[in-house]
Amino acid sequence: MSLATSRSAFAPALLRFRRSHEFWLLAVILVLSLALSLATDSFLTLQNLFDLLTSNAFVGILASGLLVVLIAGGIDISFTATASVAQYVALTIGIRYGLGWFALFALAGAAGVLCGLINAIFITKLRISSIIVSIATLNIFYGLLIVVTGGKYITSLPKFFRDGISWFEHDDASGVPYALNLQILVLVLAFVAAWLLLNRTNVGRQIYAMGGNKDAAQRLGFHVLRLNILVYGYLGFVAGIASLVQAQLAQSVTPTVLVGKELDVLAAVVLGGASLTGGVGTVFGAILGVALLAILQNGLVLVGVSSYWNQWFVGLTILCAVSITAWSDRRRRAAKAIN
Amino acid sequence: MSTATRASPAAFLLSRFVRGGAVPMLSLVLLALVAIFWLLLGERIFGVGALQSMAFQLPELGILSLAMMVTLLSGGLNLSIIATANLCALTMAWVLTTQVPGAHGFMSGGWQVIALLAGVAVAAVIGLINGFVIAYLGVSPILATLGTMTMCKGLSIGMTRGNVISGFPEPIVFLGNGTLAGVPVALLIFLALCVPMTVLLNKSPFGHKVYMIGSSEKATRYSGVDTKRVLLGVYVLSSLLAFVAALVMMARFNSANAAYGESYLLVTILAAVLGGVDPFGGFGKVGGLIMALILLQVISSAFNLLDFSPFLTLAIWGALIIAVTALGVVLENFGATRR
């Protein structure tokens, strides 16, 4: 009895999932993974999985933040500059005063929130499109950072920071050690936080509502400035955290290396089904979007395609994915109109 | 109305003047900046050398901004202009460096023409892909052009393995570095593009349709315009303008590469919006864009003479667009409360 009811409740959800963007994305990823596991010995190994997660953590963490902004109906491409600023500020102060993990992350997060706040205020108060504001602030943050720092690297990072963390360490049969590192830990936390914010809080529903129809949300009494501060501040915070994760991986701070990656992150999030017009998008989709691009590039290397061709395949994937999505949406809408 | 004039005629006139469009507003800003730079630099800023170097630098950004502007007017965006330009430049460079040195006399000129035609063909194909995906499949312009941008750049990197192709025949180099009666040829090319672009956008049926689509695509479609064909035309036109930019860029550097001019991408959007182009489409004139470009160029040249970092220029460009928009909003509010 209980089994029957649970199944009947489960079936429509399953049906809905089968029609969703995420289902097709998951299918593509599974097919791709299967093909890669058959074609190479090295794809389906614990080592490769760890490498994949570690090297894509930066993009993934940023994607979890950008997703929130996209759902709110905005767009922000200044987050790479924000990350560069946060990285520099946190580690410069951290090294001078000998700060620990918590203080470093707090500083980076605070610097990020500040940058996000500036974005939110300009976007709401000047009523110009968020893409223009964030292009402007990208140039301002980045330009000032390079002027102030002279573009110098920081390579002498504190020892605890260079070592990072390695929890639950264990060796496999051939003696290769595995551990939960900083990158993977923060990546998981970032997606959990975004999921909680969007799906388990009142404010998360407000973010979806504002992205779906800003005027209606405003008339319902939602405070647009406050919501904008929240979403852009959140992305800023996430960018700050991500910047430290990246610095730990790179073992240095290079102010010029992050800016230019903003469109890669955007591509991953929209591949995951988030709409640029707002109100649509899921954390699971964003994870799949990041995963697809990561597996694709990883697979190309493993199969032996020269890494010079990486971008070509990534571009082709993006163009095909967005075209197929738009085309099927259009057909579904046409079918609905006939009925 | 009359109370406003009585209350503060100067402010009223100023706000009317500013709302008259981008050109008067930017002239004011330009005048103020020129005065400041004059005080700081004296004669140097308007010496023949300084003016000529400005005239050499402006056309590249100018032509690329035109390419961005057409798509902005239609309510879209073209992120692939730089990648298109580089792919065109590499195609031309390949023909020029492999075929021309072996050819003599008439055939040498013939191959140069063929090189140009190859560049045009590449640009046209990319424009058709963009236009088709955006107009006929209904993909959002940011996503579609993000895809083609990555694809084109990927193709350029894949084919050249990131290397530079350099060493072109005299006539090509002349386009980028030569002068006619003291005026750089590149500037003449830019001006020669501005005139037909103005006519096309403001005096032709095609231009009117582009503005109408930018204001409301649905309304335009219901009034019997084949909006899809017009949009296709817009993206092909944008690509062809990117081809001209490619020609000027490769001629000036006497080389081509997959990654030239990438920092221009977001700046072209800034220039267009600063020049009064509405990022949501439907409004904006070539004249405003030219004003904005002159403004940006004067700042960049003066900062160069003052020995400031080029990154400070970048930051100031970003701040400028926010300042100009903020000024517009403040004056508008002022006008509204007075009335």
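**Chain A, overall**

I started with the secondary structure of chain A and got 15 helices and 2 strands. Note to self: this is a predicted model.

Next I looked up the extent of chain A: the C-alpha trace spans about 65 × 60 × 45 Å along its principal axes. I then checked the radius of gyration, which is 21 Å; a compact globule of 339 residues would come out near 20 Å, so chain A agrees with that.

For burial, I found that 45% of the 339 residues of chain A count as buried. I also looked at contacts in chain A between residues at least 6 apart in sequence, and 75% of them join residues at least 24 apart.

**Where A meets B**

I pulled up the contact between the chains: chain A puts in 39 residues, and chain B puts in 39 residues. On the chain A side, I listed the elements giving two or more residues, and they are α6 (101–126), α7 (130–149), α13 (262–271) and α15 (310–338). The top giver there is α15(A), with 14 residues. I sorted that side of chain A by class and got 29 nonpolar, 8 polar and 2 charged residues.

**A helix pair in chain B**

I picked α5 (residues 81–99) and α7 (residues 141–160) of chain B, whose axes lie 8 Å apart at an angle of about 30°. That is under 35 degrees, so I logged α5(B) and α7(B) as roughly parallel. The crossing of α5(B) past α7(B) is left-handed.

For the residues that meet, I noted Leu87(B) and Leu90(B) among those from α5(B), and Met149(B), Cys152(B) and Leu155(B) among those from α7(B). By class, this contact has 7 nonpolar, 4 polar and 1 charged residues.

Terms used: Residues are numbered from 1 along each chain as its sequence is written. Chains are lettered from A and ligands numbered from 1 in the order in which they are written. This is a predicted model: local features need pLDDT of at least 70, side-chain atom pairs count only at pLDDT 80 or more; totals for chains, interfaces and linings use all residues. Helices (H or I, at least four residues) and strands (E, at least two) are DSSP runs, numbered from the N terminus. The radius of gyration is taken over C-alpha atoms; the globule rule is 2.2 Å times the number of residues to the power 0.38. A residue is buried if 20 or more other C-beta atoms lie within 10 Å of its own, exposed if 12 or fewer, and partly exposed in between; C-beta atoms are placed from the backbone. Two residues are in contact if their C-beta atoms, placed from the backbone, lie within 7 Å. Ala, Val, Leu, Ile, Met, Phe, Trp, Tyr, Cys and Pro count as nonpolar, Asp, Glu, Lys and Arg as charged, and the others, Gly among them, as polar. Axes are lines fitted to C-alpha atoms, for helices over the stretch in contact, and angles run from 0 to 180 degrees between N-to-C directions. Angles under 35 degrees count as roughly parallel, over 145 as roughly antiparallel, 65 to 115 as roughly perpendicular and the rest as oblique. A crossing is left-handed if the near helix is turned anticlockwise from the far one by less than a right angle, and right-handed if clockwise.
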